[in-house]
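Open the model in your viewer and keep the selection box handy. We will go from stop to stop, and at each one I will tell you what to select and what is there.

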Amino acid sequence: MEREFYTISVYVDKDENLVGIPCGESEKYGIADIDTVLTLKAPYTDKAVETFVEKVINECYKKKHNDNSPVSTIERYTKKSGFVNATADFELISIVKTQTNYSLMPTFNDYEKGPLAIDDDEHILPLNYNEGDLAEVIRGFIEIYLKANMFYKEKRELEKEKKANA
């Protein structure tokens, strides 16, 4: 059955490994992450990235979200308590596939709230994008939000340390 849209969360760790979590129906939230995790270890080709994204999208709606569990899929995967803690070491890319296009949205990791969408940097690709285009957007997000953000993370840790010692 064809859906209006499919949404996945792609988490990127410091080594550029990808962790994909598909969505499913939820009585409580409408749509939410399901208990399925797919991974792609770096280094990888553009083709591997695009195949990975499609594999994660193809897992959407195969299960329902576990509304009875207070623990999110990413918390179970990382074995860290709390969504903010579980996502702290990742950059999140939200990908939505509609009947006409893909929307790729990076996030900024807020140390109190977790990943926050950066609407200004949303990239829209047609369903029939040229091979390599989707991977190029993802690699661009990794360059900007993961690699360039490392200095920001170190700075925040130093600030926290300074306050703790004051």
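Select Thr-7 to begin: in this predicted model, Thr-7 has a relative accessible area of 18%, and because buried means under 20%, Thr-7 counts as buried. Thr-7 sits in strand β1, which covers residues 5-12. Now show what touches Thr-7, leaving out neighbours within four places in sequence: the contacts are Pro-22, Cys-23, Ile-31, Cys-60, Ser-94, Ile-95 and Val-96.

**Across to β5**

Next, select Leu-92, which belongs to strand β5 (residues 91-98). Is Leu-92 buried or exposed? Its relative accessibility is 12%, so Leu-92 counts as buried. Add Ser-9 to the selection and draw a distance between the two C-alpha atoms: you should get 6.7 Å, although Leu-92 and Ser-9 are 83 residues apart along the chain. Beyond its neighbours within four places in sequence, Leu-92 is in contact with Ser-9, Val-10 and Tyr-11, and also with Met-105, Pro-106, Thr-107 and Pro-115.

**Aromatic pairs**

Keep Tyr-11 on screen and turn to the rings. The chain has four aromatic pairs. One of them joins Tyr-11 and Phe-90: the ring centres are 5.8 Å apart and the planes meet at 75°, so this pair is edge-to-face. Tyr-11 lies in strand β1, while Phe-90 is in the loop between α3 (83-87) and β5, so the pair ties together parts that are 79 residues apart in sequence. Both Tyr-11 and Phe-90 are buried.

For another pair, select Tyr-102 and Tyr-129. Their ring centres lie 5.5 Å apart with planes at 75°, so this pair is edge-to-face. Which parts of the chain does the pair tie together? Tyr-102 is in strand β6 and Tyr-129 in the loop between β8 (123-126) and α4, so the pair links parts 27 residues apart in sequence. Color both by accessibility: Tyr-102 is buried, with a relative accessible area of 3%, and Tyr-129 is buried at 16%.

**Down the axis of α1**

Now select helix α1, residues 46-59. At 1.5 Å a residue, its 14 residues should span 20 Å, and the end C-alpha atoms are indeed 20 Å apart. Show the side chains of Val-49, Glu-50, Phe-52, Val-53, Val-56 and Ile-57, which are buried. Turn the view to look down the helix axis: the buried residues of α1 fall within an arc of 155°, so they line one face of the helix. What covers these buried residues? The cover includes strands β1, β2 (18-26), β4 (38-40), β5 and β6 (101-110), together with helix α4 (133-147). Before you leave, click on Tyr-61, which follows α1 and has a positive phi, near 65°.

**Zoom out**

Finally, bring back the whole chain in cartoon view. There are five helices and eight strands, and along the sequence they run β-β-β-β-α-α-α-β-β-β-β-α-α. The radius of gyration is 16 Å, close to the 15 Å that the globule rule gives for 166 residues, so the chain is as compact as a globular protein of that length. Along the principal axes, the C-alpha atoms fill a box of roughly 60 × 40 × 30 Å. Color by burial and 42% of the 166 residues come up as buried. Of the contacts with a separation of 6 or more, 60% are between residues 24 or more positions apart. Switch on the surface to end the tour: the accessible surface comes to about 9700 Å², with 51% belonging to carbon and sulfur atoms.

How values were computed: Residues numbered from 1 in each chain as written. Predicted model: local features only at pLDDT ≥ 70, side-chain atom pairs only at ≥ 80, totals over all residues. Heavy atoms only, no water. Helix = DSSP H or I, 4+ residues; strand = E, 2+ residues; numbered from the N terminus. Buried < 20%, exposed > 50% of the residue type's maximum accessible area, 1.4 Å probe, protein only. Contact = heavy atoms within 4.5 Å. Expected span 1.5 Å × (residues − 1). Arc of directions from axis to C-beta. Rg over C-alpha atoms; globule rule 2.2 N^0.38 Å. Areas by Shrake-Rupley, 256 points an atom, 1.4 Å probe, with all protein chains shown as cover. Phe/Tyr/Trp six-rings, centres within 6.5 Å; stacked < 30°, edge-to-face > 60°.
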